[in-house]
Amino acid sequence: MSVPLLKTENPYVGPNPFTTEDQHKFYGRDQEKSDLATLLVADRIVLLFAPSGAGKTSIIQAGLIPAMESRDFVVLPIIRVSEPPAEHVQREDGVRRCLPSTAAPDHRRHAQALCRAAAGAAGC
């Protein structure tokens, strides 16, 4: 008699960050998620500073974004400080490319100054 195997989904995404689609797999960081959401509502800007691989992107994408959307906040697309703001344009051949945006302000200078200040405060 063979025993049927249960098909279960692996909750670990490996070296990739969790995304908003993975929010049902993202657990164990409820306090951090709540703290970030509270800070963001109160201060409107939060600097998340941690070593590479600590899970910053995961907590933002699978924790903070769904938490803010559940509070009826409109969440804008994620941009990286190291990249200029961009508009996604689809060309006639179907290829999507990014063009520098004239509509979105370039906040890289301010974000980089915050990062430098936080690194100095942390003794890095």
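A helix here is a DSSP run of H or I that is at least four residues long, and helices are numbered from the N terminus. With that in hand, welcome to the tour. What you have open is a predicted model.

**The whole protein**

Start with a cartoon view of everything. You should find three helices and two strands, which follow the pattern α-α-β-β-α when read along the sequence. Of the 124 residues in the protein, 18% are buried. Now switch on the surface: the accessible area comes to about 9,900 Å², and carbon and sulfur atoms account for 57% of it. Among contacts with a separation of 6 or more, 50% join residues that are 24 or more positions apart.

**Stop 1: helix 1**

Select residues 30-43, which form helix 1. This helix has 14 residues, and the distance from its first C-alpha to its last is 20 Å, close to the 20 Å expected at 1.5 Å a residue.

Now show the side chains of D30 and K33. They meet in a salt bridge, at 4.0 Å from N to O. How far apart are D30 and K33 in helix 1? They are three residues apart, so about one helical turn separates them. K33 counts as partly exposed because its relative accessibility is 26%, a value that falls between the 20% limit for buried and the 50% limit for exposed. In general, side chains of opposite charge can pair when their charged atoms come close.

**Stop 2: the other salt bridge**

How many salt bridges does a search of the whole structure find? The search finds two. You have just seen D30 with K33; next, select D22 and K25. These residues also form a salt bridge, and their closest N and O atoms are 3.6 Å apart. Both D22 and K25 are buried.

While you are here, click on H24, in the segment before helix 1. Is H24 buried or exposed? Its relative accessible area is 58%, so H24 is exposed. Try a distance label between the C-alpha atoms of H24 and A62: these residues are 38 apart along the chain, and the label should read 8.1 Å.

**Stop 3: the nonpolar core**

Select F18, F26, L36, A37, I59, A62, L64 and M68 and show them as spheres. These eight residues make up the largest nonpolar core. Helix 1 and helix 2 are the elements that give two or more residues to this core, and helix 2 provides the largest share, with four. In soluble globular proteins, nonpolar side chains tend to be buried together.

Switch to sticks and look at the rings of F18 and F26. The search of the whole structure finds one aromatic pair, and this is it: F18 and F26 sit edge-to-face, 5.3 Å centre to centre, with 70° between the planes. F18 and F26 are both buried.

Next, centre on I59. Which residues is I59 in contact with, leaving aside neighbours within four places in sequence? They are F26, R29, E32, K33, L36, L48 and L64. K33 is the salt-bridge partner of D30 from the first stop, while F26, L36 and L64 belong to the core along with I59.

**Stop 4: Q61 in helix 2**

Select residues 56-70 to light up helix 2, then pick out Q61 within it. Q61 has a relative accessible area of 17%, which means that it is buried; the cut-off for buried is under 20%. Not counting residues up to four places away in sequence, Q61 touches P17, F18, T19, T20, P66 and I78. F18 in that list is also one half of the aromatic pair.

**Stop 5: two loop residues with positive phi**

Finish in the loops. R44 follows helix 1 and sits in the loop between helix 1 and helix 2. Its phi is near 70°, a positive value in a residue other than glycine. R44 is exposed, because its relative accessible area is 60%.

Then move to D72, in the loop between helix 2 and strand 1, which spans 86-90. D72 is not a glycine, yet it has a positive phi of about 70°. Is D72 buried or exposed? With a relative accessible area of 71%, D72 is exposed.

Notes: Residues numbered from 1 in each chain as written. Predicted model: local features only at pLDDT ≥ 70, side-chain atom pairs only at ≥ 80, totals over all residues. Heavy atoms only, no water. Buried < 20%, exposed > 50% of the residue type's maximum accessible area, 1.4 Å probe, protein only. Contact = heavy atoms within 4.5 Å. Core = buried A, V, L, I, M, F, W, Y, C linked by side-chain atoms within 4.5 Å. Phe/Tyr/Trp six-rings, centres within 6.5 Å; stacked < 30°, edge-to-face > 60°. Areas by Shrake-Rupley, 256 points an atom, 1.4 Å probe, with all protein chains shown as cover. Expected span 1.5 Å × (residues − 1).
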